[in-house]
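Hi,

Here is the structure I promised to pass on. Have a look at it first, and then read my notes below.

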Amino acid sequence: MDVGTKQKKPPVSQRQAVVETSGLRMRYGSKDVLNGIDIRVNQGEVLVLLGPNGAGKTTTIEILEGFRKRSAGDVQVLGADPDSGDEAWRARIGVVLQSWRDHGRWRVRELLDHFSGFYAPYSTPYDADELIALVGLTEQADTTVAKLSGGQRRRLDVAIGLVGRPDLLFLDEPTVGFDPQVRQDFHALLRRLDTTVLLTTHDLAEAEKLADRILILVGGDIVADGTAAELAGQVSSKAEVRFSKAGESYVESVEDATTFVRELFERYGEAIGDLEVHRPKLEDVYLAMVRDFEEQA
Ligand SMILES: Nc1ncnc2c1ncn2[C@@H]1O[C@H](COP(=O)(O)OP(=O)(O)OP(=O)(O)O)[C@@H](O)[C@H]1O
């Protein structure tokens, strides 16, 4: 099955921008939610937007999708302002919203066939059965949507987002309710797609696994922008080495864990046991940044 394998292309950092915002602001009544943010997503990039509840992630992606009017700033998505994107533009975008839509009485295949028809004038949409297999719903192809489990329903949401083979896919917390196997299959599927993806999640392991780049949005500002490794390095360059020596436990915080461990074995050899090396994780960075913001607020 061809879902488009990633071809040899220039590094994502050198590719053309698919999403570009400059000074993007959003205000609900008297409440500022986005304070003028600049976002760039390059072609083929998987960008993960992280932030605590209420940080403005959904607001941001709804503005980029053209579902919500911004208060100020410049926004270009696939070469157009989302406020004036036409049907052909919309057909190039796939959307998986956070909340369920109400298609209860439709059957899975029927619904996907129906959506596929919408895209036909603009793209080469997926064949419904191919897409059903891709998201692991073959057994439920003739089941009505109301009878799907929460995770199956979410897989259908993802299939609806993909049906038009979008150039840009927005996924708002796509894996909520997925069991571990389905989550893993979904991650594998995302990696195979040759599509630019903007994804929000509260699952930091998922972000670390999928993201080419991560943005952290806190209090209406982007407080971090980089790869998971770059962000982890901002909190601490040190690794924690745990080991036991002659039955006693030790913890050392070191700059160069590889050299430290080599020297440890050279010196003490077989007396060393229970070795573990922990490098700072995205979770540490994320929690530190949110804490910093809360302390300043
Ligand atoms: N239609 C609306 N009218 C007024 N305030 C809103 C509206 N939609 C969102 N907000 C407020 O804007 C802020 C950002 O909400 P948003 O849904 O964008 O956050 P989020 O980062 O997606 O949160 P979560 O992680 O909980 O999904 C919140 O304080 C929310 O209450």
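To get you started: which residue in E11 is the bridge partner of Val241? It is Glu252. Keep in mind while you browse that this is a predicted model.

That pair belongs to a part of the chain I'd look at early on. E11, E10 and E12 make an open sheet of 3 strands, in that order, with antiparallel pairing. E11 and E12 are the edge strands, each of them pairing on one side only. On average, and ignoring direction, neighbouring strands here are turned by 15° against each other.

Now for the pairings themselves. Strand E10 covers residues 239-245 and strand E11 residues 248-254, and 7 bridges join the two. They form a hairpin with 2 residues between the strands. If you check the turn, you'll find that Ala246 has a positive phi of about 50°. Lys245 of this hairpin stands opposite Glu248 in E11. E10 is also joined to E12 (residues 272-278), this time by 5 bridges, and again the strands run antiparallel. There, Arg242 stands opposite Glu276 in E12.

There's another sheet to see. It is open, has 3 strands in the order E2-E1-E4, and its pairing is antiparallel. Strand E2 (31-42) and strand E4 (72-77) sit at the edges with a single partner strand each, so one side of each has no neighbour in the sheet. The twist from one strand to the next averages 15°. Strand E1, residues 17-28, pairs with E4 over 5 bridges in the antiparallel sense, and Ser22 stands opposite Asp74 in E4. Helix H1 lies across E1, E2 and E4, and runs at about 120° to E1.

H1 brings me to the ligand. Helix H1 (residues 57-65) supplies the largest share of the shell around the ligand, namely 3 residues. The residues around the ligand are Tyr28, Val33, Gly51, Asn53, Gly54, Ala55, Gly56, Lys57, Thr58 and Thr59. Sorted by class, the shell comes to 3 nonpolar, 6 polar and 1 charged residues.

One helix pair is worth a look too. Helix H8 (residues 228-235) packs against helix H10 (residues 282-296) at an angle of about 60°, and their axes are 8 Å apart. Because of that angle, H8 counts as oblique to H10. The crossing of H8 past H10 is left-handed. From H8, the contact is made by Ala228, Leu231, Ala232, Gln234 and Val235, and from H10 by Leu282, Asp284, Val285 and Ala288. By class, that contact has 7 nonpolar, 1 polar and 1 charged residues.

That's what I have so far. Shout if anything is unclear.

Cheers

Notes:
Residues are numbered from 1 along each chain as its sequence is written. This is a predicted model: local features need pLDDT of at least 70, side-chain atom pairs count only at pLDDT 80 or more; totals for chains, interfaces and linings use all residues. Two strands pair if DSSP finds at least two bridges between them. Helices (H or I, at least four residues) and strands (E, at least two) are DSSP runs, numbered from the N terminus. A residue is near a molecule or strand if its C-beta atom, placed from the backbone, lies within 6 Å of it. Ala, Val, Leu, Ile, Met, Phe, Trp, Tyr, Cys and Pro count as nonpolar, Asp, Glu, Lys and Arg as charged, and the others, Gly among them, as polar. Axes are lines fitted to C-alpha atoms, for helices over the stretch in contact, and angles run from 0 to 180 degrees between N-to-C directions. Angles under 35 degrees count as roughly parallel, over 145 as roughly antiparallel, 65 to 115 as roughly perpendicular and the rest as oblique. A crossing is left-handed if the near helix is turned anticlockwise from the far one by less than a right angle, and right-handed if clockwise. Two residues are in contact if their C-beta atoms, placed from the backbone, lie within 7 Å.
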